[in-house]
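Q: I am new to this protein and would like a close look at a single part of it, the beginning of the chain. Could you take me through that part carefully, and through what surrounds it?

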Amino acid sequence: MTFNGTWKVDRSENYEKFMEQMGVNMVKRKLAAHDNLKITIEQTGDKFHVKESSNFRSIEIDFTLGVTFEYSLADGTELSGAWTQEGDVLKGNFTRKDNGKVLTTTRIIQGDEMIQSYNYEGVDARRIFKRG
């Protein structure tokens, strides 16, 4: 269960441009760039319990690999999709409810870092988390 643990955001790459592509307004983008996001992941087989806490909100999510669930981003964007696991990579495919466009996310562990990558409408971004 490679992903188990608490992860604190360390740095981001192209994240503001990604949020702009997602339609997040400038004020929210500036705040999100300094959200101090912390993710706690508990994996048991194909079931995950994830706690996300930041300066703006704390939520808990339970999901099973391959099973579609509903999720809303910190800016209120509602998504529907599922995570799958291929080896040591978690892959998420989520469809926006407002416009039907797809957001893809991957999580991979490299050393003591979890790299979360995003792609939306041709814009890529990464957030790198350190094990806390």
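**A close look at the first helix and its surroundings**

A: Asn14 has a relative accessible area of 44% and is therefore partly exposed, since that class lies between buried, under 20%, and exposed, over 50%. This value, like every other one here, is computed from a predicted model. Asn14 sits in the loop between β1 and α1, and its phi is positive, near 65 degrees, although the residue is not a glycine. It is a convenient place to start, as the helix that follows is the subject of this answer.

Helix α1 spans residues 15-22, and within it Tyr15, Phe18, Met19 and Met22 are buried. When one looks down the axis of α1, these buried residues fall within an arc of 95 degrees, so they line one face of the helix. The spacing has a general background: an α-helix has 3.6 residues a turn, so residues three or four places apart point the same way. The buried residues of α1 are covered by several elements, including β1 (5-13), α2 (26-32), β7 (89-96), β8 (102-110), β9 (113-120) and β10 (123-131). At its far end α1 is followed by Gly23, which also has a positive phi, near 95 degrees.

The helix also falls inside an annotated stretch. An unreviewed UniProt entry carries the annotation "domain: Cytosolic fatty-acid binding proteins" over residues 5-22. In the model, the chain over residues 5-22 is 44% helix and 50% strand, with its end C-alpha atoms 29 Å apart.

Two residues show how the helix is packed. Phe18, which belongs to helix α1, has a relative accessibility of 5%, and it counts as buried because that figure is under 20%. Once neighbours within four places in sequence are set aside, the contacts of Phe18 are with Leu103, Tyr118, Asn119, Tyr120, Val123 and Ala125. The contact with Ala125 spans a long stretch of chain, for Phe18 and Ala125 are 107 residues apart in sequence, yet their C-alpha atoms are 6.0 Å apart in space.

Another partner of Phe18 is Tyr120, a residue of strand β9. Its relative accessible area is 2%, under 20%, so Tyr120 is buried as well. Beyond its neighbours within four places in sequence, Tyr120 is in contact with Phe18, Gln21, Met22, Arg96, Asn99, Lys101, Val102 and Leu103. Phe18 and Met22 in this list are among the buried residues of α1. As for Val102, it is 18 residues from Tyr120 in sequence and 6.6 Å from it in space, C-alpha to C-alpha.

The helix also takes part in bounding open space. The largest pocket holds about 710 Å³ of space. It is lined by 33 residues, of which Tyr15, Arg57, Tyr71, Leu73 and Ala74 are the closest to its centre. The elements that each give two or more residues to this lining are α1, α2, β3 (47-53), β4 (58-64), β5 (69-72), β6 (78-86), β8 and β9. Among these contributors α1 gives the most, with 4 residues. In kind, the lining divides into 22 nonpolar, 4 polar and 7 charged residues.

Of the residues closest to the pocket centre, Ala74 deserves a separate word. Ala74 is placed in the loop between β5 and β6, and its relative accessible area of 59% is over 50%, so it counts as exposed. Although Ala74 and Val24 are 50 residues apart along the chain, their C-alpha atoms are separated by 9.9 Å.

Further along the chain, the loop between α2 and β2 holds Asn36, another residue other than glycine with a positive phi, near 55 degrees. At 43% relative accessibility, Asn36 counts as partly exposed. Strand β2 (residues 38-44) includes Lys38, which is partly exposed at 38% relative accessibility. Apart from neighbours within four places in sequence, Lys38 is in contact with Thr6, Trp7, Lys8, Lys51, Glu52 and Ser53, and the residues Thr6, Trp7 and Lys8 lead back to the annotated stretch, residues 5-22, where this answer began.

Definitions and conventions. Residues numbered from 1 in each chain as written. Predicted model: local features only at pLDDT ≥ 70, side-chain atom pairs only at ≥ 80, totals over all residues. Heavy atoms only, no water. UniProt positions renumbered as here; feature names shortened; annotations may be inferred. Buried < 20%, exposed > 50% of the residue type's maximum accessible area, 1.4 Å probe, protein only. Arc of directions from axis to C-beta. Contact = heavy atoms within 4.5 Å. 1 Å grid on protein atoms, 1.4 Å probe; cavity = no way out; pocket = protein on both sides within 12 Å on 5 of 7 lines; lining within 4 Å. Points joined across faces, edges and corners; volume = space filled by probe spheres on them. Nonpolar A, V, L, I, M, F, W, Y, C, P; charged D, E, K, R; others polar.
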